Every structure is written in C-alpha cells, then in structure tokens.
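Let's take a walk through this protein together. Have a look at the chain below, and then we'll start from one residue and work outwards.

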Amino acid sequence: MLEQFCETVSGQSDIWYATNLEICNYVSAFSRLRANVGGTLVQNPTILDLTVSLAGRAGSRVTLRFRTATLSPRITRIGGFHTERMYLIKGARAAVLLDTGCGFGDLRTCVASHTDKPLMWCKKIDTSK
C-alpha cells in the first residue's frame, strides 16, 4: 500500500516542500490573522502571503474548511490552509493519516467524514531523504 501511495503523490506540483523555519514562520503569521466581528473580513498584518478558505461563521469566529480530493477509493488528499497536503489512506481494518497539517481547523471532523475506521497518524513526513 505504501508503494501505491508513493506512486500517487510523486511528481505533484501542489506539494509544498518547506523547512522547519518556513513552517514556523507561516504558523506564526497565521496565528496573527484578525477577523472582524461579522467574520466577513480577515486581515493579515504580516508580510507573508497566507491562504484562508472561509466556510462559514459561528458568532464572531471564522470557520476554516479543509479541501479534499479523492485520489483513489482508498486514498484521500486533504488540503490545509496554505499548501500543506495530508493523505488519508484507508485499509481494510484501519486508516492512517500521513501528516497532521499546521494545527488549524477541525481536522478530526474532516477525517471522520471520510472514514469510520480506527485511525493512526504520522505527525511529520521527512522529505529531506
């Protein structure tokens, strides 16, 4: 199954390869986003370009939504709030989530909408090797 996953994600132009410092800078900038009370406007006070998907509002909070794409019956790509990509691989008895994104949004609910199998996850994928 790992070979199938590697074939599926190889050569993808939409995968963000970043250093730990780039990720830390992005997460720091993302945490400084400000939304108005109505949730209709988000201000970025930093110099970094940030991407945010607005799905809805709950009171004065902005709700962020993950983007998903079914790559095969057993593999779902989950797009985070910048260019990070996570992959949900569904096996016969369990599922595994490769990477857990940058820590924003309700990833648990997103994953639960794609599988009801017991879940294991890999927090970080080392792409330097």
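Which residues does T76 touch, not counting residues up to four places away in sequence? In this predicted model, the list runs to T68, A69, T70, M86, Y87, L88, K90 and H114. T76 sits in strand β6, and its relative accessible area is 0%, so it counts as buried. One of those partners deserves a closer look: the side chains of T76 and K90 make a polar contact at 3.2 Å.

Another residue of β6 is R77. With a relative accessible area of 17%, R77 also counts as buried, because the cut-off is under 20%. Its contacts, once neighbours within four places in sequence are set aside, are Q12, D14, R67, T68, A69, L71, R85, M86 and Y87.

Now let's zoom out to the sheet. Five strands make up an open sheet, and they line up as β5-β6-β7-β8-β9, with mixed pairing. At the edges you'll find β5 (67-72) and β9 (119-122), each of which pairs on one side only. On average, neighbouring strands here are turned by 20° against each other, if you ignore direction.

Let's go through some of the pairings. β6 (residues 75-79) runs antiparallel to β7 (residues 85-90), and five bridges link the two. To trace this pairing in the model, find G79, which stands opposite R85 in β7, and then I78, whose bridge partner in β7 is M86.

From β7 the chain goes on to β8 by way of a hairpin of four residues. These two strands are antiparallel as well, with four bridges between them. Y87 stands opposite L98 in β8, while K90 has A95 as its bridge partner. So K90 turns up twice in our tour: it is bridged to A95 in β8, and its side chain makes that polar contact with T76.

How do β8 and β9 pair, in the parallel or the antiparallel sense? They are parallel, joined over four bridges. Here A95 shows up again, standing opposite L119 in β9.

It's worth pausing on β7, as six of its six residues are buried. In a regular strand, side chains alternate between the two faces of the sheet. You can follow that along β7: R85, Y87 and I89 point one way, M86, L88 and K90 point the other way, and all of them are buried.

The loops have a few things to show too. D99 lies in the loop between β8 (95-98) and α3. What is the phi of D99? It is near 80°, a positive value in a residue other than glycine. That is worth noticing because most residues other than glycine have a negative phi. D99 has a relative accessibility of 19%, so it counts as buried.

Further along, D116 is in the loop between α3 (107-112) and β9. Is D116 buried or exposed? Its relative accessibility is 75%, and the cut-off for exposed is over 50%, so D116 counts as exposed. The C-alpha atom of D116 is 8.7 Å from that of A95, although the two residues are 21 apart along the chain.

Let's step back to the whole protein. There are three helices and nine strands, and from the N terminus they come in the order α-α-β-β-β-β-β-β-β-β-α-β. Of the 129 residues, 28% are buried. The exposed surface comes to about 8500 Å², with carbon and sulfur atoms supplying 54% of it. If you take the contacts between residues at least 6 apart in sequence, 36% of them join residues at least 24 apart.

Finally, how far does the predictor's confidence go? The average pLDDT is 75, and 72% of the residues score at least 70. Among the elements, β8 has the highest mean, 92, and strand β4 (residues 61-64) the lowest, 48. Over residues 57-63 pLDDT stays under 50, and the model has 18 contacts beyond four places in sequence for that stretch. Where pLDDT is low, the predicted coordinates should not be read in detail.

Key:
Residues are numbered from 1 along each chain as its sequence is written. Side-chain values use heavy atoms; hydrogens and water are left out. Two strands pair if DSSP finds at least two bridges between them. Axes are lines fitted to C-alpha atoms, for helices over the stretch in contact, and angles run from 0 to 180 degrees between N-to-C directions. Buried means under 20% relative accessible area, exposed over 50%, partly exposed in between (1.4 Å probe, protein chains only). Contact means heavy atoms within 4.5 Å. Accessible areas come from the Shrake-Rupley method with a 1.4 Å probe; for residues, only the protein chains shown count as cover. A polar contact is a pair of N or O atoms within 3.5 Å; within protein, one must be able to donate a hydrogen and the other to accept it, and residues adjacent in sequence count only if both atoms are side-chain atoms. pLDDT is the predictor's confidence in each residue, from 0 to 100.
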